[in-house]
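Subject: Structure for your files

Dear colleague,

Here is the structure I said I would pass on. My notes on it follow below the entry.

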Amino acid sequence: MGAYEVLVQSQTINPIAAISKTYGDATFEPGATASSGLTVAYLSADNSIAGAYQDNTDNNKWKIRIKKSGTVNITASQAGNAAFSPAPDATFSLTINKKPVTIALTTTVIGKVYDGNTNASITVANLTFGTNNVLGGDQLDIVLSSTTSSYGTADAGTAKAVTVPLGNVSLRGTSLANYEIANTVDITANVGEITKAPITGITFLGANFAYDGSTKSLAITGPLPSGATVSYSNNGQTAAGIYTVTANMNGGINYQDLTLTAQLTIGKLTITGITFTDASFDYDGTAKSLAIIGTLPTGATVSYTNNGQTVAGTYT
């Protein structure tokens, strides 16, 4: 049998453009192909950033596993066989970008008592990452440089907008190098509550008056806060007596209602200018009587006891 010569063909690997991925992305096949149709293998220049491996659960396909953010060169190679010579290596760049995380306010109510300003105070516990933003096993924390935030308006109310300046928020943790904040504007949510403030500095005192026919009234002392009003019940009396007066304070938008009571007393006057003197009469069989001298004030009346006697005698 005569000698023969086996011809070995050359082969090439189709160039691969630079690949960009994000930390947390799934493993992937780079997609290089050899002109020979033979399987292309891969080698990472830095296995701490990304590693190449054959997946024995998926027909031994070559894949790249992402490990952390950074840029690494991946070399594609094909060693050839009896029919093909080794292909020249093809190197491409793989960039693994930091995983963006969204920071939001939790549903926990951020509250205070009305104080006339929009200042709000939060803690790190009021902030949270978006769902599945941080990979399991990674350690990443939210940091606040200031607890100061703001309500949308100063008035009391519920479901108020609370805004946290984005510049006050940062990240820390052993996995920090692989993450970045995705937010581009201040963090806002309708989780604020400003409760009404109590009305303070108001007194409502009782008073005594002498009857003189004019209207007598009580009034609160102390300044009502802005927006608050007062109305009275059972006030403004003219007749002598003891009255319980109620001051009803409506706190308006920002203050709690307040009710106070006080006693209004109008004392009766002593009747003056009236005399009632003794008198003597001679018996003549007719009724003899005494009478007051002077003018009774309006509304006053007089009645007599043991008056109008006919029989001789002394009577009181």
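Lysine 112 sits in strand β9. The model is a predicted one, and what follows should be read with that in mind.

With a relative accessible area of 16%, lysine 112 is buried, because the cut-off for that class is under 20%. Its side chain makes a polar contact of 2.9 Å with the side chain of asparagine 117. Leaving aside residues up to four places away in sequence, lysine 112 touches Asn117, Thr118, Asn119, Tyr151, Glu193, Ile194 and Thr195.

Glu193 also turns up in the pairing of β9: glycine 111 stands opposite glutamate 193, which belongs to β17. The strands β9 and β17 run parallel and are joined by four bridges, with β17 covering residues 187-195.

These two strands are part of an open sheet of five, ordered β9-β17-β14-β13-β10, with mixed pairing. At its edges are β9 (110-113) and β10 (119-121), each of which pairs on one side only. On average, neighbouring strands in this sheet are turned by 40° against each other, direction ignored.

A second residue I looked at is leucine 7. It is located in the segment before β1, the strand at 19-22. Is leucine 7 buried or exposed? Leucine 7 has 67% relative accessibility and therefore counts as exposed, the limit being over 50%. Its C-alpha atom is 9.0 Å from that of alanine 82, although the two residues are 75 apart along the chain.

Now the chain as a whole. DSSP gives 21 strands and zero helices. The radius of gyration is 49 Å, whereas a compact globule of 316 residues would come out near 20 Å. Along the principal axes, the C-alpha atoms fill a box of roughly 190 × 30 × 25 Å.

Of the 316 residues in the chain, 29% are buried. The exposed area of the chain is about 18800 Å², and carbon and sulfur atoms supply 50% of that. Among contacts in the chain with a separation of 6 or more, 57% are between residues 24 or more positions apart.

If you open the model, I would begin with lysine 112 in β9 and then follow the bridges from β9 to β17.

Regards

Definitions and conventions: Residues are numbered from 1 along each chain as its sequence is written. This is a predicted model: local features need pLDDT of at least 70, side-chain atom pairs count only at pLDDT 80 or more; totals for chains, interfaces and linings use all residues. Side-chain values use heavy atoms; hydrogens and water are left out. Two strands pair if DSSP finds at least two bridges between them. Axes are lines fitted to C-alpha atoms, for helices over the stretch in contact, and angles run from 0 to 180 degrees between N-to-C directions. The radius of gyration is taken over C-alpha atoms; the globule rule is 2.2 Å times the number of residues to the power 0.38. Buried means under 20% relative accessible area, exposed over 50%, partly exposed in between (1.4 Å probe, protein chains only). Contact means heavy atoms within 4.5 Å. Accessible areas come from the Shrake-Rupley method with a 1.4 Å probe; for residues, only the protein chains shown count as cover. A polar contact is a pair of N or O atoms within 3.5 Å; within protein, one must be able to donate a hydrogen and the other to accept it, and residues adjacent in sequence count only if both atoms are side-chain atoms.
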